[in-house]
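Hi everyone, thanks for making time today. I'd like to walk you through a structure that may be new to you, so please bring it up on your screens.

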Amino acid sequence: MPKCNFVIRYDFVSNEIGSVQARGRARAKDAECYLLVTAGSTNERRELENQEKEKFMVEALHEMDKISREDFETRVKAEQVRQLEEWKTKQKNKSIRRSTCEARDVQVYCRQCSCSVCDGTQIIHKGSNYICREPSLPERCEVKYKTPQVYRTTDNIGVVFCGSLTCRNQYGPIIRYKKGQVRWHPTVITQASPFWTHIVTATLYCWQGLVPERGLKV
């Protein structure tokens, strides 16, 4: 990246690392960096939190400079062991929870109006898509077809909306699989839809046993 002498960030704040990196773009002599956000907004609060976290990082670096190399390496190895054991425990618990929860125990609803979409037995994972193969879904939803967007293994041929007349929340695209990859109704709802991202997350959690409730609103 070239050196900049004037940087403006408009209504976007990530984490403390992002804030430091954004200021790092202003590397030219006498450079200035500004952030424009609405007063009292979430982004203002997040930036103030990032400034506090940055102070903690600087203090931590100063503390690290005071310890010997041997002590530093010992602490790093101890932290690595702790994090590894924590990860192993989480994986073990995840496996146990996954084995105690069945797809049939999951019911998926429209996140806006609670209209029933399908149950967990009608959701499958194929590549980057999470496919709803509920046969009655086209009759219970609003389907709008469009000029196909053609890809190598699929065609994007339309969009599916919630069937409630007062909702019409967009579920996601209709994708037709080619070369006999799918033998049932081609309705596919992918992660690309904000609505489906929530369903994907919730469905995966349920299948893994992280959300054991029988009814699930997303």
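Let's start with a nonpolar patch on the surface, about 570 Å² of it, made by Phe6, Ile8, Tyr10, Tyr34 and Leu36. One thing to keep in mind as we go: this is a predicted model. Two strands, β1 at residues 6-10 and β2 at residues 32-36, each bring at least two residues to that patch. Which strand gives the most? That would be β1, with three residues.

Take Tyr10, which sits in strand β1. Is Tyr10 buried or exposed? Its relative accessibility is 65%, and exposed means over 50%, so Tyr10 counts as exposed.

Now look at the rings. How many aromatic pairs does a search of the whole structure find? The search turns up one. Phe6 and Tyr34 form that pair, and the arrangement is tilted, with 5.6 Å from centre to centre and 45° between the planes. The pair links distant parts of the chain, since Phe6 belongs to strand β1 and Tyr34 to strand β2, 28 residues apart. Both partners are also members of the nonpolar patch we began with. Phe6 is partly exposed, at 45% relative accessible area, and Tyr34 is partly exposed too, at 39%.

While you have Phe6 in view, find Cys33 in strand β2. Cys33 and Phe6 are 27 residues apart in sequence, yet 5.9 Å apart in space, C-alpha to C-alpha. With a relative accessible area of 28%, Cys33 is partly exposed.

Let's stay with strand β1 a moment longer and turn to charges. How many salt bridges does a search of the whole structure find? The count is 13, and I'll pick out some of them.

In one of them, the side chains of Arg9 and Glu47 meet at 3.9 Å, N to O. Arg9 is in strand β1 and Glu47 is in helix α2, residues 42-66, so this pair ties together parts of the chain that are 38 residues apart in sequence. Are these two buried or exposed? Arg9 is buried, with 11% relative accessible area, and Glu47 is buried as well, with 10%. Buried means under 20% here.

Helix α2 also holds a salt bridge within itself. The side chains of Arg45 and Glu49 meet at 3.0 Å, N to O. Both residues lie in helix α2, four residues apart, which is about one turn of the helix. Arg45 counts as partly exposed at 42% relative accessibility, and Glu49 is partly exposed with 34% relative accessible area.

Next, jump along the chain to Arg176 and Asp155, whose side chains form a salt bridge at 3.2 Å, N to O. Here again distant parts of the chain are linked: Arg176 is in strand β9 and Asp155 in strand β8, 21 residues apart. What about their exposure? Arg176 is partly exposed, at 37% relative accessible area, whereas Asp155 is buried, at 9%.

Before we leave the charges, please find Glu79, Arg82, Glu86 and Lys90. These four are linked in a network of salt bridges.

Strands β8 and β9 come up again when we look inside. Which residues of the largest nonpolar core touch the most other members? They are Val117 and Tyr171, in a core of 15 residues. The elements that give two or more residues to this core are β4 (116-119), β8 (154-161) and β9 (170-177).

There is also a charge and a ring to show you. Lys144 lies over the face of Phe161, and the distance from the ring centre is 5.3 Å.

My last stop is Thr121. Where does Thr121 lie? You'll find Thr121 in the loop between β4 and β5, the latter at residues 123-126. Thr121 is partly exposed, with 32% relative accessible area. Thr121 and Glu102 are 19 residues apart in sequence, and their C-alpha atoms are 8.6 Å apart in space.

To recap, we began with the nonpolar patch that includes Phe6 and Tyr34, and met those two as a tilted aromatic pair. We then followed the salt bridge from Arg9 in strand β1 to Glu47 in helix α2, and ended up at the core where Val117 and Tyr171 touch the most other members. Thanks for listening, and do ask me to go back to any of these spots!

Notes: Residues numbered from 1 in each chain as written. Predicted model: local features only at pLDDT ≥ 70, side-chain atom pairs only at ≥ 80, totals over all residues. Heavy atoms only, no water. Patch = residues over 30% accessible without salt bridge, like charges linked within 9 Å, V, L, I, M, F, W, Y side chains within 5 Å. Areas by Shrake-Rupley, 256 points an atom, 1.4 Å probe, with all protein chains shown as cover. Buried < 20%, exposed > 50% of the residue type's maximum accessible area, 1.4 Å probe, protein only. Phe/Tyr/Trp six-rings, centres within 6.5 Å; stacked < 30°, edge-to-face > 60°. Lys NZ or Arg CZ within 6 Å of the ring centre and 35° of its normal. Core = buried A, V, L, I, M, F, W, Y, C linked by side-chain atoms within 4.5 Å.
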